[in-house]
Structure formats: C-alpha cells, structure tokens
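Visitor: Please show me the structure. I would like to ask how the terms used for it are justified.

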Protein chains: 2
Amino acid sequence: MVKGNVIVGQSGGPTSVINSSLVGVYQTALNNGAKKVYGMMNGIQGLLQERYIDMSDYIRDDLDIELLKRTPSAFLGSCRFKLPDAEENEQVYIDIFRILDKLDVKHFFYIGGNDSMDTVKKLSEYAKVKNSDITFMGVPKTIDNDLAVTDHTPGFGSSAKYIASVMKEIIRDALVYGTDAITVVEIMGRNAGWLTAASALAKSEDCDGPDLIYLPEKEIDIGEFVENINQLKKHKKSVVIAVSEGLKTTDGKYVCEVNKSTIHEDSFGHKSLGGTALYLADYLSEKTGIKSRGIIFSTLQRCASHLVSRTDITEAFMAGGHAVHAAFEGDTGKTIIFERISDKPYQIKTSVCDVNLIANIEKKVPDEWITNNNTYVAKELCDYIRPLTIGELLPFTVDGLPRHLFIYK
Amino acid sequence: MVKGNVIVGQSGGPTSVINSSLVGVYQTALNNGAKKVYGMMNGIQGLLQERYIDMSDYIRDDLDIELLKRTPSAFLGSCRFKLPDAEENEQVYIDIFRILDKLDVKHFFYIGGNDSMDTVKKLSEYAKVKNSDITFMGVPKTIDNDLAVTDHTPGFGSSAKYIASVMKEIIRDALVYGTDAITVVEIMGRNAGWLTAASALAKSEDCDGPDLIYLPEKEIDIGEFVENINQLKKHKKSVVIAVSEGLKTTDGKYVCEVNKSTIHEDSFGHKSLGGTALYLADYLSEKTGIKSRGIIFSTLQRCASHLVSRTDITEAFMAGGHAVHAAFEGDTGKTIIFERISDKPYQIKTSVCDVNLIANIEKKVPDEWITNNNTYVAKELCDYIRPLTIGELLPFTVDGLPRHLFIYK
C-alpha cells in the first residue's frame, strides 16, 4: 500500500526512453493511490536546492503522457552528482530527508545508470540506520548496457536500433560512386562495447554490414589495423569500420588521446581534436592513400527519439511501473532488472534485485562474443541484441517535425 | 508517343529521394508504352563502359517499387563525371550515341544537380547537331536546393526535415544538465546556406531553436562571433549554434581550412582536422572557458531515408513522371522545375524548363532572408521551407531495421 507521496528523479546521460520509465513511475503511482508525484529537477542535485515540480502540473492529459514517451533526453533534467558517504558528509543526507519529509514523500524513485544505483544504495542504507520508513528504488537506464545482473538496460535497444539503421544508410551512401573509400564510424561506449557491437545488426539480406568492428574491450594494434584494411581493400571498393570512442592502442592510450600531448611526442605524429574516428580516418588516408572519412554518431545515438524501439519503450515503462509496485509493497534498496525467459520467441520478465549487486559494477562484452582476432562480433551477440530493437513508436509530428513535451525549451 | 526504349541514370551526391524520381521515370515510362527501361550503372561514366541493367530485372513487383522509394542513396550508383565539350573530345559523344543506338534507346533521363544538367545540355545539343531523334531530359535532384529557376529541388525537403528534427533532439539533449554548454552543429552546404537555414525550423512551441545561424553566404568575423556567444551566455546556459560547412572568415578562407596550413602561420593558432564545427567548438572552449562540443551531421543528413518528407518523396516522383511525359511528347534539352502556385495552402505544379537556364548556375539564400547582422534567418525563409518537410513515408522494417532495395550491398 502506498504511504504518503512519491518523488522521482532522472540522473546520468540522456536516452530516448528514460521518459518512458518516468511515465511508468508516474502513471503506476497515481493508479495505485499516490496523491502526488513530485519530480526532482536535475536529479538529487536539484532536490538539494529544493527544486522540484508536481508532475501533474505538466502532464495535463493522456496525450501528454504519449508525448512524454516520445520526448528524448530527461524531461526533469539530469545531473552527474555522486552522493558522498554519510560518514564523510552527513549534512547532505540530513538535508535530503528534511526535504522529503516536508513533501511527505514516502517513496523515492531514481532512474539512472551505475552512479544512480549508488545513490539509491546510499540513501536506502542511511534510511535503514535512521529507521526512516521512506523507500528508495532504482529504475535502470543506460544506452551503454553496462549494468550487471540485468539481461539488458532500458535505452540500449533504441540506441542499438538507431546505430544499426544509420549504419545501413551510411554503408549504402558509401557505395554510390563505386570508387575506393574508407569510412570510420565512431560509436559511443568508453569502456563497454555493446553499442559498437550493435552496428553488426546492419548485416542483413540487403547489406553487408560494417567490415570491421573494434570494441573498447580489446586494444588495437595500429599496424594490424592498417593491414586488415589493406587486406579488405583487395576485394572491396568501399570499406566501413565501426570503432568505439573508447578504443585504446596496445600501449594503453585512448586512440582519441594519442595526440592530446605535444605533437612531436606522440607515436603517430598527428594532431586531431576530433576523437577516435577522425584520427583513424586521417591516419588511414595517409597510410593507404585512399580517401578516408570519419563519421561520429555523437549525441544523435542517445537522443534520437524519432527512431526508437517499441520494445525498449515498453520495457522502460514496465521497469518504472514494477519499481512502484515493489516500493508500495515495502521494497527498498532495490532496483528493477530484466530476466530473459526465452530467446525465440523473445520474452522477458521484470524482477527486483538488491541494488548492491548492480551499483558501481560495469558489465563488458564477454570475450567469447568478440571474434575474428578482435575485429568482429559473434552471431550470438547479434541474436542477443536484435529482439531489443524490434518495433517502432512513431513521433507525433507538428508542422513536419516531432513534437516533445517540455519544462525547459 | 514513346519511341524505342528508355534509359535513366543518377548522378552527383546521394539524397533520400533520388530513388523516388527513379521510380517516377520507371513507372511512368512503362505505363506509357516503353518496352524496356534501362538503368545506367554509375551514371554516364558507367554507360561509357557499357554498364547498364534492365530495371525490370531488379524491380520484381509493386512492393519493390515501394521499397525503392524508401531506399537512400542512388540505387543505380552515381558518378561525378563532367562531360567534355564535343569540340574537345567528340569520341565520348560518338561512344554514348553508339551505345544508345545499340539499345534502341530513344529517351534519355538524367537525375542530378547542376553538373548533371550540364550533361543533359551537352548531349541534347550534340543530338541536335547530328539530327539524332534521341531526347535528353533532366530530373532535378540536390539536397543543397541551389538550382536556379525552380522553386526548390527534390531532396532538399527531406534533408531539411532531418536537420530540423535532429536539431530539436540535440537542443533538448543539451539542456539536460542545466549547466553551461556550447554546441556547434555543422550542416552541409559549401556555397549555399539553404540546409543550414533549415535548422531554424526547429524553433517551435516546444523548442527555442538554434540561437545563432551562420550561412556560407556571409563571411564570419571571428571576434564578433565570440562576442555574440558571450552576449547569449549572459542569459542562457545552453547555447546551440548552426554553422554551414562552407563558412568563411572575413579574410576569405574557409573556417575548416584555416589550419590546414602550417600550425604557426594561421591566425588562430589551432590545428584541427575535423572541419568547421570542431574547429569553432575548440576555439570557443578556449575563448569562453565553457565546455564546447562540435557535432557534424555528415552524410546522415543526405541519406536518412528513415526520416524523409512525404511531400518531398511525392514531388521527386512527380518530377520523374513529368519528365517522361514531356520526353514522350518530343521535348529535349529540358528539365523539370517546380512552380509554387500558392503558399497557404501549399501548392506546386511541375513544368518544363530549358536546361540552359539551370545548368551551371548556383542559387544562394537571398540577402533579405539573412537577418540579425548575419546571425539568423527570416521568418519568410522558414515559411518557404516548412511545407517541403510535411508528412512522413515510413520505412518497411525487417528485424527492427529499415529494408532497402539493392543492386550492390
């Protein structure tokens, strides 16, 4: 049974479906007796400044609900705020609980990734010590898919769908002149290669997919890299390579940082501000003599709400809804995870997991799914990702453009 | 009345709707009695190597027709081939006409931009001199919208829709932390600023749009540029700037080439390989002390068939179809243009225009539509572009990804 009011916040990097989880919390809380659902502005950081809204002031009707599901980025704003340990700085905790008490909040939901789960963990532990009856629940969110325990994370499926769809368009574009060309596409993921791996989904009946895929889990030998491309060029005019932004060379340096040091000191003798893809494209142009270009997916891959996965949107909503049910039954210090019941047909169920098993742990692409001497990914990895990308949720367009629900604009 | 067979080619840079014009030529030709519709592979360049297909070998049914409309880039492949003058090199002309005669081709269609219209012009003039009865017609295509006479060009509306839609998503993403941020977005257009101007459509009830818009028609004073941003930063946390890839500084240099010369000789003291946006973002980071990032739309803006304008798709088809009707009635040395009959409601009609009035002429954004001391565009410009972006044509998805029709893959 619900006690008092509800508050919900969003934290960490934006995704295309984080607002669907927000809707899941909001609707489920109201449907189950919550009087008020507050929204923290800019997460826990904004809450500490007593910046919050009554969400029903902004969500006027069911059309707004649908619009919010189609709105990218975090509707409430986000933050990157690491809660200090209570022993170090108890005042932060005293302030948070004072504000929650003032609002008669008994259920706190935090939608985010690794760091946000750390916040849920710390607040729930502090509540336990202080005998507070406020519950703290996490709702997972990250395009990076790097959370432990859960089968996958809300946000990942939509980014994967975007990356693979656009990769197909880029490959087709690169074929157009029938001339020699090298395209290096840079995909997000500093330490975990799930998103870069998703580019392999582009391989289908109508598309060869990227020719090489380099994940951050494996360091890259720049000599072998050039040799691999030279080999491919013997029988292919257009070569397309997917690289993770977090790719490192065998000496442990990020490729994108290779030339952040003095130009004369780096081992390649190049200077680039553009990161991994532009650096590699420039390097390949020089080494192969073939016109090479870099394409950076940049923020588009995390906020392209015009091309989301319906599966992902639905699961993000479910995660928010399940968190509310669990909290109203008394759960705290927990987060929602997905368990895969079946591959074919794809079926998952949501369940509740101790936040300690998830906070601060990073899940990488396992070795057995990185193939071809670390230049491609296994079919099993594609089979794992593909169901997460299925289905569409179309934008509501006004004057030709997708409409969003907003607090800020 | 149709005489003999038809051949069609695609030339210049890819767009999202160039295949819709191809379908317009193909279907209209078959519906009006053409026995065979050949496709040149890689345009006139491929034709010279006798590389062509019978299009009906690849388009098996009406579903394929619909798939082809949803396929980005040029289905037949493209080329960048400037036909020499007949006086300089008649052999090329002799070869082309020999191949056309061999195929019993009496109607030649070429879908492309400025340079392609030059090809149509030269071939039709040569035919006249030689008393050939082969007709040569152009079908306009360019995302750049820089063709003279016509109200606009097929391809532009879809790119404009993509640019404005993604601009909205980027602006929303940039607001998420509520912290100081500068985002510089680089948009295609080396000499004409139509595409960069289209970013202004993002300004709507739910979005402030980009704060500054810099077109290649006006040179940029880098000191004023920084000052404009400093002024904006006084009352805005997140500033988003749209810049054309072809932006030049007041000394006439392309911004993206400022530091292609020796690092010590350029006036800014920076080196960047990433072009206009990355260079400017880097420069702003240093001058304002605020975290600045560059985003390059790159090829995505010309080949995002997953986000096309239905209006654009339909008009591209109409242009192809009208070209066939005109040719079958004996027109040659002409191209199709759009005339705007009415703004509200938006209505156009296609008509036929002498290719001499279009070939090799570049239409830029007029002065009266560049406002705010060259940092924004007029409402009238938005009113002109907006109707071209209306409506969607949704991809056919297979396994979660848009499916394309293909010859190469």
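Guide: A helix here is a DSSP run of H or I with at least four residues, numbered from the N terminus. The model is predicted.

Visitor: What follows helix H1 of chain B, and what is its phi?

Guide: H1(B) is followed by Gly33(B), and the phi of Gly33(B) is positive, near 100 degrees.

Visitor: How do you know whether the length of H1(B) agrees with its number of residues?

Guide: H1(B) covers residues 18-31, which is 14 residues. The expected span is 1.5 Å times one less than the number of residues, and for H1(B) this comes to 20 Å. The end C-alpha atoms of H1(B) are 20 Å apart, so the two values agree.

Visitor: What makes H1(B) largely enclosed by the rest of the structure?

Guide: A residue is buried if 20 or more other C-beta atoms lie within 10 Å of its own. In H1(B), 11 of the 14 residues are buried, so the helix counts as largely enclosed. Among them are Ile18(B), Asn19(B), Leu22(B), Val25(B) and Tyr26(B).

Visitor: Which elements cover the buried residues of H1(B)?

Guide: The cover includes four strands of chain B, namely S1 (5-10), S2 (37-40), S4 (105-112) and S5 (135-140). It also includes helices H3 (62-69) and H11 (310-328) of chain B.

Visitor: Why is H1(B) called oblique to H11(B)?

Guide: H1(B) and H11(B) pack at an angle of about 40 degrees, with their axes 7 Å apart. An angle under 35 degrees would count as roughly parallel, and 65 to 115 as roughly perpendicular. The angle falls in neither range, which means that H1(B) is oblique to H11(B). The crossing is right-handed.

Visitor: Which kinds of residue make up the contact of H1(B) with H11(B)?

Guide: Residues of H1(B) that meet H11(B) include Ser20(B), Leu22(B) and Ala29(B), and those of H11(B) include Ile313(B), Phe317(B) and His325(B). The residues of this contact divide into 11 nonpolar, seven polar and no charged.

Visitor: In chain A, how do H1(A) and H11(A) lie to each other?

Guide: The axes of H1(A) (residues 18-31) and H11(A) (residues 310-328) come within 7 Å and cross at roughly 40 degrees. H1(A) and H11(A) are therefore oblique to each other, and their crossing is right-handed. Val23(A) and Gly24(A) are among the residues of H1(A) that take part, and Gly320(A) and Gly321(A) among those of H11(A). The contact of H1(A) with H11(A) has 11 nonpolar, seven polar and no charged residues.

Visitor: How do you know whether the span of H11(A) agrees with its number of residues, and how many of its residues are buried?

Guide: The 19 residues of H11(A) should span 27 Å, and the end C-alpha atoms are 27 Å apart, so the values agree. In H11(A), 16 of the 19 residues are buried, so this helix is largely enclosed by the rest of the structure. Gly330(A), which follows H11(A), has a positive phi near 105 degrees.

Visitor: Why is Gly39(A) called buried?

Guide: Gly39(A) has 27 other C-beta atoms within 10 Å, and the cut-off is 20 or more, so Gly39(A) is buried. It is found in strand S2 of chain A. Its contacts, leaving aside neighbours within four places in sequence, are Val8(A), Tyr52(A), Ile53(A), Met55(A) and Leu76(A).

Visitor: Why does Ile370(A) count as buried?

Guide: Ile370(A), in strand S12 of chain A, has 22 C-beta neighbours inside 10 Å, so it meets the cut-off of 20. The C-alpha atoms of Ile370(A) and Lys218(A) are separated by 8.7 Å, with their positions 152 residues apart along the chain.

Visitor: What makes H8(B) and H9(B) oblique to each other?

Guide: The axes of H8(B) (residues 222-233) and H9(B) (residues 276-288) come within 11 Å and cross at roughly 60 degrees. Roughly perpendicular begins at 65 degrees and roughly parallel ends at 35, so H8(B) and H9(B) are oblique. Their crossing is right-handed. In this contact, Val226(B), Ile229(B), Asn230(B) and Lys233(B) of H8(B) meet Leu284(B), Lys287(B) and Thr288(B) of H9(B).

Visitor: How many residues does each chain give to the contact between chains A and B?

Guide: Chain A gives 58 residues and chain B gives 58 residues. On the side of chain A that touches chain B, H6(A) gives the most, with nine residues. The residues of that side divide into 25 nonpolar, 18 polar and 15 charged.

Technical notes:
Residues are numbered from 1 along each chain as its sequence is written. Chains are lettered from A and ligands numbered from 1 in the order in which they are written. This is a predicted model: local features need pLDDT of at least 70, side-chain atom pairs count only at pLDDT 80 or more; totals for chains, interfaces and linings use all residues. Two residues are in contact if their C-beta atoms, placed from the backbone, lie within 7 Å. Helices (H or I, at least four residues) and strands (E, at least two) are DSSP runs, numbered from the N terminus. Ala, Val, Leu, Ile, Met, Phe, Trp, Tyr, Cys and Pro count as nonpolar, Asp, Glu, Lys and Arg as charged, and the others, Gly among them, as polar. A residue is buried if 20 or more other C-beta atoms lie within 10 Å of its own, exposed if 12 or fewer, and partly exposed in between; C-beta atoms are placed from the backbone. Axes are lines fitted to C-alpha atoms, for helices over the stretch in contact, and angles run from 0 to 180 degrees between N-to-C directions. Angles under 35 degrees count as roughly parallel, over 145 as roughly antiparallel, 65 to 115 as roughly perpendicular and the rest as oblique. A crossing is left-handed if the near helix is turned anticlockwise from the far one by less than a right angle, and right-handed if clockwise.
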